[in-house]
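Here's a walk through one protein chain and the ligand it holds. Keep the viewer open and click along as you read.

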Amino acid sequence: MGFDRIEIPDEGEIVESDGEDVEVPDAPIIPYITGDGIGVDVSPAARTVLDAAAEETGREIHWTEVYAGERAEEEYGELLPDETLEAIDYFNVALKGPLTTPVGEGFRSLNVAIRKELDLYSNVRPVYYIDGVPSPVNSPEDVDMVCFREATEDVYSGIEWEQGSEGMQRVREFLNEEMGEDVPEDAGIGVKPISEFKTKRLVRKAIKYAIDRGRDSVTLVHKGNIMKFTEGAFKDWGYELAEEEFPEETITEDELWEEYDGERPEGKVVVKDRIADNMLQQLLTRTDQYGVMAMPNLNGDYLSDAAAGQVGGLGIAPGANIGDGRAVFEPVHGSAPKYAGEDKVNPTALILTGRIMFEYFEWFDAAELVRDAVEETIQDRTVTYDIHRQIEGGEKVSTSRFAELVAEKIRS
Ligand code: NAP
């Protein structure tokens with residue numbers, strides 16, 4: 001495959017995909033998007049650490065830069081060139097830094113556009129405590145959950161009309177005159193589609209993950225008490241999927257109490273559901289009862305950030321966007337433009353994002369090395385400004401120095 005501006009390394013092999021799973025060589029070619037703002041700081045830092053972990057476990061990553069955001073604007077004169085999407089589609093994987101959401105016409109968000117174009121429908125965010133990171137709660141070590149957020153529909157579909165626009169007036173007319181509704185004339189209108197197919201493929205990924213990783217439960221988080229045909233249907237389709245496709249591996253919470261007196265049988269994943277507002281408080285009060293969460297887009301957005309806050313916030317929160325046989329890994333945080341190029345911010349989120357990529361590759365040994373080395377470096381209290389300002393003492397280090405320290409631990 002030829003590209004105009006993307007330079008393919010002479011060495012390295014493609015991560016192969018059969019449209020469901022991937023097969024990863026020991027010397028994969030991995031495209032990366034540097035990202036806007038602090039992307040110039042965290043992207044090289046993360047690659048330093050990931051290279052060290054790959055090398056220590058007998059592998060070698062061949063990185064190739066692909067462009068989006070400001071760097072794409074410079075290279076191609078556009079924010080999201082087709083070539084970038086084609087390259088990710090071809091190599092089946094990418095490590096992405098944060099991108100600034102363009103203000104004005106064009107893209108609603110580059111990040112959303114990438115997820116949509118490549119149909120990366122599950123946004124996956126593991127949230128766990130790293131010893132030494134300051135936390136606002138009493139028992140942050142109880143947090144060990146993986147959020148699966150549907151990433152292509154719900155109110156993020158972009159089907160909305162501005163107050164007073166022609167579209168808004170036409171939709172309002174239809175709703176009021178033909179459907180008997182009473183939408184005020186000064187309203188903006190948005191549409192929230194949630195479909196059976198897209199719900200089931202997300203819940204399937206969450207349940208498979210729980211089974212493969214020996215997790216106790218999958219919780220469907222919804223607001224079905226109010227939005228019955230979208231959020232309520234999400235819950236119903238989730239249970240249906242579990243019963244249809246995983247009858248041996250799963251039981252419902254009702255069955256757990258009716259047939260097993262609340263004692264989870266060995267090897268079974270309990271499928272349960274919670275209403276979103278209740279879930280947000282249970283996250284704090286009954287933290288250890290939740291392992292894997294499957295959520296529509298908006299609930300997932302709120303809940304995964306709230307969970308990340310419990311273990312220390314955005315500077316350390318990793319994420320992934322996974323579709324069928326391809327994935328783009330990216331941190332939860334944005335491009336924090338005010339710190340761009342200062343070699344100051346915390347690269348942990350992108351480093352741990354790389355760790356999820358290693359787990360996705362089934363490079364579990366390399367993933368463990370990364371996690372342990374990050375934890376040890378933070379425990380040594382050699383930390384970036386964001387953590388340093390929350391602890392007593394410790395040494396404040398730059399982005400690149402933090403990455404060097406982590407890489408040194410991996411090599412030692
Ligand atoms: P942000 O870039 O995440 O930054 C908000 C604040 O979070 C920063 O000012 C900083 O707090 C802290 N922070 C973020 N990353 C950090 C890091 N690596 N280390 C330490 N602290 C970190 O959010 P934003 O300012 O709302 O968004 C900026 C742009 O990024 C927007 O255009 C937004 O749309 C975009 N964005 C992109 C993505 C993505 O690419 N996936 C995600 C979210 C937002 P302090 O100043 O308090 O230290």
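## A buried threonine in a loop

The side chain of T287 has a polar atom 3.4 Å from the backbone oxygen of L284. This is a predicted model, so take every distance here as computed from predicted coordinates. T287 belongs to the loop that runs between α9 (276-285) and β13 (292-295). Is T287 buried or exposed? T287 counts as buried because its relative accessibility is 7%, and the cut-off for buried is under 20%. Setting aside neighbours up to four places off in sequence, T287 is in contact with D142, V143, M145, Q282 and Q310. If you want a sense of scale, pick D89 too: T287 and D89 are 198 residues apart along the chain, and their C-alpha atoms are separated by 37 Å.

## Another threonine, this time in a strand

T250 makes a nice companion. T250 sits in strand β11 (residues 250-252). T250 counts as buried because its relative accessibility is 7%. A polar atom of the T250 side chain is 2.7 Å from the backbone oxygen of F246. Skipping anything within four places in sequence, the contacts of T250 are I207, A242, V269 and V271.

## Around the ligand

Now over to the ligand. There are 22 residues around it, and T101, G334, A336, Y339 and Y385 come nearest. Sorted by class, this shell holds nine nonpolar, eight polar and five charged residues. Three side chains have polar atoms worth zooming in on:

| Side chain | Ligand atom | Distance |
|---|---|---|
| T101 | oxygen | 2.5 Å |
| E330 | nitrogen | 3.2 Å |
| K338 | oxygen | 3.2 Å |

How much of the ligand does the protein bury? On its own the ligand exposes 870 Å², and the protein buries 70% of that.

G334, one of the nearest residues to the ligand, also gives you a handy ruler to Y156. Those two are 178 residues apart in sequence, while their C-alpha atoms are 18 Å apart in space.

## The loop between β7 and β8

Y156 lies in the loop between β7 and β8. Y156 counts as partly exposed because its relative accessibility is 24%, and partly exposed covers the range between 20% and 50%. Beyond its neighbours up to four places away in sequence, Y156 touches R149, N297, L298 and D301. With D301 there is a polar contact, side chain to side chain, at 2.4 Å.

D154 is found in that loop too, between β7 (144-150) and β8 (160-161). D154 is buried because its relative accessible area is 0%. Have a look at the backbone here: D154 is not a glycine, yet its phi is positive, about 70°. Most residues other than glycine have a negative phi.

N92 is another case, a residue other than glycine with a positive phi, near 70°. You'll find N92 in the loop between α3 and β5. N92 counts as buried because its relative accessible area is 10%.

## Helix α4 and its surroundings

Helix α4 covers residues 110-117, and L110, N111, A113, I114 and R115 are its buried residues. What do these buried residues pack against? Their partners are β3 (29-33), α3 (82-91), β5 (93-96), β14 (320-322) and β15 (327-329). At the start of α4, S109 has a side-chain oxygen that reaches to within 3.2 Å of the backbone nitrogen of N111. After α4 comes D119, with a positive phi near 50°.

## The nonpolar cores

Last stop, the interior. The largest nonpolar core has 90 residues, and F329, F358, F361 and V370 touch the most other members. Which helix gives the most to this core? That would be α1 (residues 39-56), with eight residues.

V370 is a good one to select and expand around. Not counting residues up to four places away in sequence, V370 touches V49, L50, A53, I351, L352, R355, F358 and I410. Apart from the largest core there is another core of 22 residues, including Y67, L85, I114 and V328. I114 brings you back to α4, where I114 is among the buried residues.

Notes
Residues numbered from 1 in each chain as written. Predicted model: local features only at pLDDT ≥ 70, side-chain atom pairs only at ≥ 80, totals over all residues. Heavy atoms only, no water. Buried < 20%, exposed > 50% of the residue type's maximum accessible area, 1.4 Å probe, protein only. Helix = DSSP H or I, 4+ residues; strand = E, 2+ residues; numbered from the N terminus. Contact = heavy atoms within 4.5 Å. Polar contact = N/O pair within 3.5 Å; in protein donor to acceptor, adjacent residues only side chain to side chain. Near = heavy atom within 4 Å. Areas by Shrake-Rupley, 256 points an atom, 1.4 Å probe, with all protein chains shown as cover. Nonpolar A, V, L, I, M, F, W, Y, C, P; charged D, E, K, R; others polar. Core = buried A, V, L, I, M, F, W, Y, C linked by side-chain atoms within 4.5 Å.
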